[in-house]
Amino acid sequence: MSKFFRGGEESSSESDSGDEVSINGSEESSDDEQQVKKPQNKFLAGNDDSDDDSDESEEESEEESDSDDDAGKGGAGYFLKDASSESEDSDDDKRSAVKSAKDKRAEELDASIKQIENGQKNGDWTLISAEFDKLSRQVERLQGPRGKAPKTWIRTIAELEDFMNEALAKAKVTPKKMNATQARALNAMKQKIKKTNKSYQKDIDAYRADKDDFMESSEEEAPAPAPTKVKIPKSSDPIAQPTEEDMEGFTEVTQGGRTVKYTPESILKHLRAILDTRGKKNTDRSEQIGVLEKLHATANTPYQQIRVLLTLISSRFDLASGSSGAMPVEHWKSAEKELSTLFNILEQNKEYVVVENAEEWEDDEKVPVLQPGEKHIKVAGSLVSFVERLDDELGRSLQSIDPHTSEYIERLQDEGSLYNIIFRGLLYTESLRKEEDLDVSQDTVNRIVMRRLEHVYFKPAQVIKVFEDNCWKAVGSDVESDITGRAASADATNLVGTLCNYLFIHSDGIIRARAMLCQVYFLALHNEYYKARDMMLMSHLQENIPNFDVQSQILYNRTLVQVGLCAFRKGLVYDAQNTLQEICGSGRQKELLAQGVMMQRFNQVSPEQERLEKSRQLPFHMHINLELLECVYLACSMLLEIPLLAQTGSSPDVKKRVISKTYRRMLEYHERQIFTGPPENTRDHVMQASKALAAGEWKKSTTFIHNIKIWDLMANTEDIKTMLSKQIQEEGLRTYLFTYAPFYDTLSVETLGTMFELEPTKVSAIISKMISHEELSASLDQVTSNVIFRKGVELSRLQSLALTLSDKASSLIETNERTLEQRTQGSSNAFDRPGRGRGGGRGGARGRGGGGRGGGNTQRQAGGTQFTGGALGAAVRG
Amino acid sequence: MEDLLTTVSTDGSSIMPKLAPHLSRHLLFPLIQYENEQAEEQGLEEKARKIASGKIKLLEDTNMTDYVASLYCELHGTDEAPAEYNKKRQEVLADLEKHEAATAKIADLLTQDEVLNGLRSDKLANLEFLKKEHGVTMDMVNALFDFGQFQFRCGQYGPAADMLYQFRVLSTDNDKVAAATWGKLASEILQTNWDAVVDEIKNVREGIDTRLFSNPRAQLDHRTMLVHWCLFPLFNSDTARDPILDMFFSAAFINTIQTSCPWVLRYLIAAVITGRNRGRNSSLQQKQLKDIVRYVRQEAYEYTDPLTQFVNALYIAHDFESAREALRLAEQVCRSDFFLASSADAFVDAARHLICESYCKIFSRMNIHDLSEKLGLNPADGEKWIVNLIRETRLDAKIDSQDGTVVMNHPPNNVYQQVIEKTKGGFFRTQVLNAAVTKASS
């Protein structure tokens with residue numbers, strides 16, 4: 001049901017067709033019990049563009065074609081029995097099965113054809129198109145590698161072509177337009193039919209020539225092969241064996257389950273049978289699991305138990321690889337329990353080990369015994385993969401559950417038990433690693449350590465502590481881990497540190513980079529800004545992160561954002577803005593953090609891509625609150641941009657520097673509004689605060705910012721607010737000075753202090769800073785404690801242009817010098833450098849001298865003017 | 001060793017414990033000696049005794065047995081050194097003889113003119129030549145190295161340096177050559193032979209850049225060590241000062257300082273600020289000052305001491321009150337620091353200039369009384385100081401003695417002047433460039 005629901009929701013662009021089809025599907029399934037499974041899938045696969053299903057059907061059809069090929073040797077084209085007589089040598093045994101399969105397909109075929117006919121009656125092209133796709137697929141399958149097409153199919157396509165031509169002609173004549181989806185479907189059909197009919201042209205011609213005759217001939221042929229087959233004795237063709245067994249073995253187990261007792265001795269045999277059917281179609285996996293559960297109950301030796309559990313768990317996972325995306329919850333839970341039982345068994349029976357590189361035990365009659373001189377009985381399997389799979393499945397299931405329901409919370413509680421499993425897996429692999437004769441690769445250990453880290457890094461310390469306590473309690477008091485000792489695990493910071501250090505030492509490439517990112521994330525989350533920043537910088541990941549896989553890039557983005565938020569909490573507005581710029585400035589936060597798919601307006605995304613993107617989404621509990629993120633980013637941008645705007649507004653020669661384009665755009669939009677109501681969302685609040693700040697009303701600005709609700713989500717809300725109001729006060733003062741400096745001769749520091757409720761020393765420190773950075777042309781008078789603004793510093797346009805030109809000229813020279821230096825690889829360095837140093841030195845010295853002596857200036861100035869005039873005059877004359 | 005360091009750093013003022021791991025035993029010795037003297041001067045008997053015993057422990061592992069024995073006698077007030085020292089002394093003498101015997105032949109050879117004339121710049125050919133003509137073997141060359149090391153341990157730095165130099169000329173073993181270079185650097189530093197030190201620093205630096213190229217960790221460690229060793233010449237030799245400062249400000253070394261030893265910033269600040277009076281190269285100095293302000297800001301979360309606080313207050317916070325306070329503390333720190341003690345006065349003087357400079361930049365009228373207070377002087381001295389300053393730097397300022405104020409005249413920055421300044425160097429630089437291009441293409 002959820003599948004249908006999702007399908008309808010996702011393919012919103014084609015929702016009408018999708019809905020229609022799903023209704024059809026359910027009707028179909030209700031009236032024909034036998035077909036329940038297959039057709040339902042088919043309907044969805046054919047029509048619903050939703051990701052999983054179409055993919056799954058592709059897989060399935062691939063699988064089927066594979067198995068067809070297998071069977072092809074023994075009973076070449078045995079699906080073609082109705083049409084060809086080549087299948088005589090095929091073995092007889094298959095008959096009953098084959099028959100039913102054939103019937104089923106024929107029925108499917110008929111159903112589809114009926115649908116198409118219905119569509120023709122109603123002129124419903126979407127339906128026709130969908131059914132046609134399905135039909136052609138069925139036919140291909142029926143046809144086998146080199147068979148003939150069924151007659152009904154030929155009839156249908158021929159009729160369809162006629163009907164379509166008619167419809168097209170009609171569409172041209174009638175002024176009434178078809179609706180868009182229908183028209184599209186019609187066009188698609190036109191293409192498809194053209195293509196298909198070409199390959200069946202001969203048959204179609206035959207059909208057109210004499211309709212009745214053609215159909216009859218097909219009926220004659222169909223029953224023909226049946227009697228021939230009966231004559232063939234039971235063959236023991238070795239190649240055909242597996243197919244036979246999977247059919248037979250399957251029925252035997254299901255039927256005989258009640259009659260045949262599962263004895264401990266026969267367990268291995270049963271296992272073998274089940275293993276053989278694995279991955280084959282037509283196997284009922286839930287049935288198998290039932291059998292395995294019974295086997296597990298009967299198993300009495302550790303070896304048997306291990307073997308049964310390994311198979312059981314992997315069959316449970318197989319269940320999930322099917323249609324529904326995530327594994328059913330109850331199966332997940334039992335898998336989790338079985339895995340933990342397995343760990344228990346392995347811990348109690350140390351002589352048995354499960355390793356990846358063990359050889360398969362072929363003899364079902366005997367149980368392997370400990371060889372003299374060997375310490376272990378190896379069983380093939382990979383516990384780490386199981387653990388990883390279990391983890392993945394939980395993630396997938398969390399992805400598909402609506403995070404605002406209690407179901408999500410319930411599901412999330414399973415993470416605790418999952419963490420236990422990961423922990424035990426880690427302990428186990430670690431103990432295996434110690435045994436030299438087992439040759440467990442370092443990679444395996446790394447993988448599981450990484451999993452553990454991934455469950456820890458984004459959580460607050462208290463939560464991690466609870467997890468860890470549970471784990472250690474579960475394993476008992478006498479177990480110790482080398483990688484993360486009991487003592488180290490007590491403190492979350494220590495734990496993350498040890499896990500990461502282990503990975504730094506023992507792994508490389510992507511795992512190492514991910515470990516680094518996890519540690520940075522953890523540090524940033526726990527307010528260790530400088531450590532986090534230094535690690536981030538030292539990792540040099542900025543340069544090579546584009547070469548990594550998408551998952552790591554997402555982790556990188558998340559880490560970056562977390563570092564930015566941490567800087568904000570520390571009150572480092574500039575750093576915070578700088579760090580967040582890359583992610584938040586892009587306007588694609590959702591995508592970059594994998595917390596939602598953006599609506600694609602301009603370029604279409606292929607379903608394949610969309611599916612991939614969905615599978616990358618993080619479960620909700622790992623999300624970083626996007627609204628909070630936006631709020632922080634905008635607040636920081638405001639604090640930086642508003643003084644800058646005021647500064648550039650008053651003096652034209654400062655280059656139009658833009659810190660955040662996103663913020664500027666929002667501000668412009670906000671200013672264009674004729675009427676602004678009271679702020680409703682975060683953005684409104686920040687925008688109105690910006691306006692107030694620009695006007696010098698810092699108190700109003702503070703109120704606006706403080707009224708934003710989302711601050712409550714941060715720890716220490718009060719501290720954050722105090723920090724913000726302090727920043728607003730200071731930036732407000734700066735903005736005020738920039739904006740109103742041209743209108744004042746002097747301003748008293750005292751007055752400024754009372755206006756902005758800052759201490760006079762603080763005010764003069766801020767002013768000093770501005771003067772010394774040459775942002776403000778003013779000076780302080782210590783005696784009267786006034787700010788004295790200098791007059792006549794505004795430049796004319798020509799003057800500022802001249803300055804820019806001279807800047808550019810000198811940067812050109814510098815570039816040239818650098819180029820030469822690179823070109824000559826330092827051979828002319830000795831010659832070049834002292835020259836430059838001396839030149840600059842002289843220039844600087846003289847510059848200060850010139851500035852000091854006021855007298856010389858006027859003369860030079862005059863000379864300068866004359867010179868310019870002369871040049872201009874020459875230009876005019878020339 | 002640890003006792004010693006904890007004793008020294010009990011009041012937290014000395015950063016010796018941080019320096020110590022990066023210095024050689026022999027290089028550390030002068031520092032401890034200095035601490036010892038300080039303690040004695042301040043009359044801290046207990047501390048001085050502790051330091052002295054630490055000193056003995058420090059040197060026990062070396063071959064300077066005589067010196068250790070005399071130190072021991074001094075400390076314990078006895079004439080008779082314990083027997084173990086005597087025994088050690090005998091062993092050392094025996095070793096000495098052994099080494100001398102081993103190197104006698106090659107040492108003799110290397111004093112003969114005809115042998116030296118036969119040597120070329122190619123090491124392999126040299127070795128071949130010596131082998132053929134004089135029967136020198138690889139072992140003999142290596143014996144030179146061992147003997148050099150032995151001499152160094154004995155405190156015979158001069159002979160050690162010679163020995164290591166000879167070894168370096170002959171040996172082809174890269175690791176040992178690198179070790180010999182370090183040894184020679186230490187020997188030259190301890191002999192206060194600064195010109196040679198500068199050369200050796202260059203050698204070591206090149207070695208780090210090339211030999212350890214693929215091992216960033218070792219590069220970092222070695223650079224850290226080199227930075228610490230360079231502190232000796234930095235504050236003792238005028239000629240060594242500039243090249244070493246240049247080296248410190250190069251990207252690789254400033255990164256090293258920031259990553260592994262931010263406390264060296266203190267010395268960097270002191271060197272840059274005291275360097276201003278030398279005046280030759282003021283734009284370079286301005287640039288260095290700007291850089292150091294940046295580094296201080298970057299490292300503020302990791303390392304602060306009065307000197308960084310001073311820079312922070314003056315250039316980042318523009319808080320003159322705290323700058324004055326920091327300067328007072330910085331002066332104390334400088335006086336008690338081994339490296340900075342000699343230049344403490346110069347530092348304070350230069351720092352006052354800096355305060356005054358930025359004060360003049362910001363204020364247009366100031367009270368002499370306040371200003372002298374900020375400079376840490378009394379009003380009369382302050383006035384004198386300001387007059388001197390105005391005269392020296394030709395500042396555009398006048399003293400109004402009736403009001404007791406200094407009036408600054410800030411001429412507005414002339415646009416035309418700015419354009420001229422910016423384009424002034426252009427012609428010269430283009431010429432240089434042109435010449436370089438011609439040279440490169442010819």
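Start by colouring chain A by pLDDT: this is a predicted model, and chain A averages 72, with 68% of its residues scoring at least 70. Now select residues 218-259 of chain A, where the pLDDT is below 50. Beyond near neighbours in sequence, that stretch still has 42 contacts in the model. Do the same for residues 828-878 of chain A: the pLDDT is again below 50 there, and the contacts beyond near neighbours in sequence come to 48.

Next stop, the hydrophobic interior. Pick out Val520(A), Val632(A), Ala635(A) and Phe310(B), the residues with the most contacts inside the largest nonpolar core, which has 230 residues. Which helix should you show around them? Go for α30 of chain A, residues 626-650, which gives this core its largest share, 12 residues. If you have domains coloured, look at domain 2 (242-300) and domain 3 (626-743) of chain A, since the core draws at least three residues from each. As a rule, nonpolar side chains in soluble globular proteins tend to be buried together.

Stay with Val632(A) for a moment and show what surrounds it. Leaving aside neighbours within four places in sequence, Val632(A) is in contact with Leu565(A), Phe568(A), Ala576(A) and Leu580(A). Apart from the big core lies another one, of 17 residues; to find it, select Ile116(A), Leu127(A), Phe132(A) and Ile157(A), which are among its members.

On to the strands. Select β1 of chain A, residues 352-355, and check both faces. Tyr352(A) and Val354(A) sit on one side, Val353(A) and Val355(A) on the other, and all of them are buried. Add β2 of chain A, residues 377-380: β1(A) and β2(A) pair in the parallel sense over four bridges. Along this pairing, you'll find Lys378(A) of β2(A) opposite Val353(A).

Now for a sheet with strands from both chains. In what order do its six strands run? Follow β3(A)-β5(A)-β4(A)-β1(B)-β3(B)-β2(B); the sheet is open and its pairing is mixed. At the edges, each pairing on one side only, are β3 (746-748) of chain A and β2 (397-400) of chain B. From one strand to the next, the twist averages 20°.

Zoom in on the chain A part of that sheet. Strands β4 (residues 778-781) and β5 (residues 786-789) of chain A run antiparallel, joined by four bridges, and Ser779(A) stands opposite Ile788(A) in β5(A).

Last, swing over to chain B and select helix α21, residues 368-375. This helix lies across β1 (363-367) and β3 (405-408) of chain B, running at about 90° to β1(B).

Definitions and conventions. Residues numbered from 1 in each chain as written. Chains lettered and ligands numbered in written order. Predicted model: local features only at pLDDT ≥ 70, side-chain atom pairs only at ≥ 80, totals over all residues. Buried ≥ 20, exposed ≤ 12 C-beta atoms within 10 Å, placed from the backbone. Helix = DSSP H or I, 4+ residues; strand = E, 2+ residues; numbered from the N terminus. Pairing = 2+ DSSP bridges. Axes fitted to C-alpha atoms, helices over the stretch in contact; angles between N-to-C directions. Contact = placed C-beta atoms within 7 Å. pLDDT = per-residue confidence, 0-100. Core = buried A, V, L, I, M, F, W, Y, C linked by C-beta atoms within 7 Å. Domains from an automatic or database assignment.
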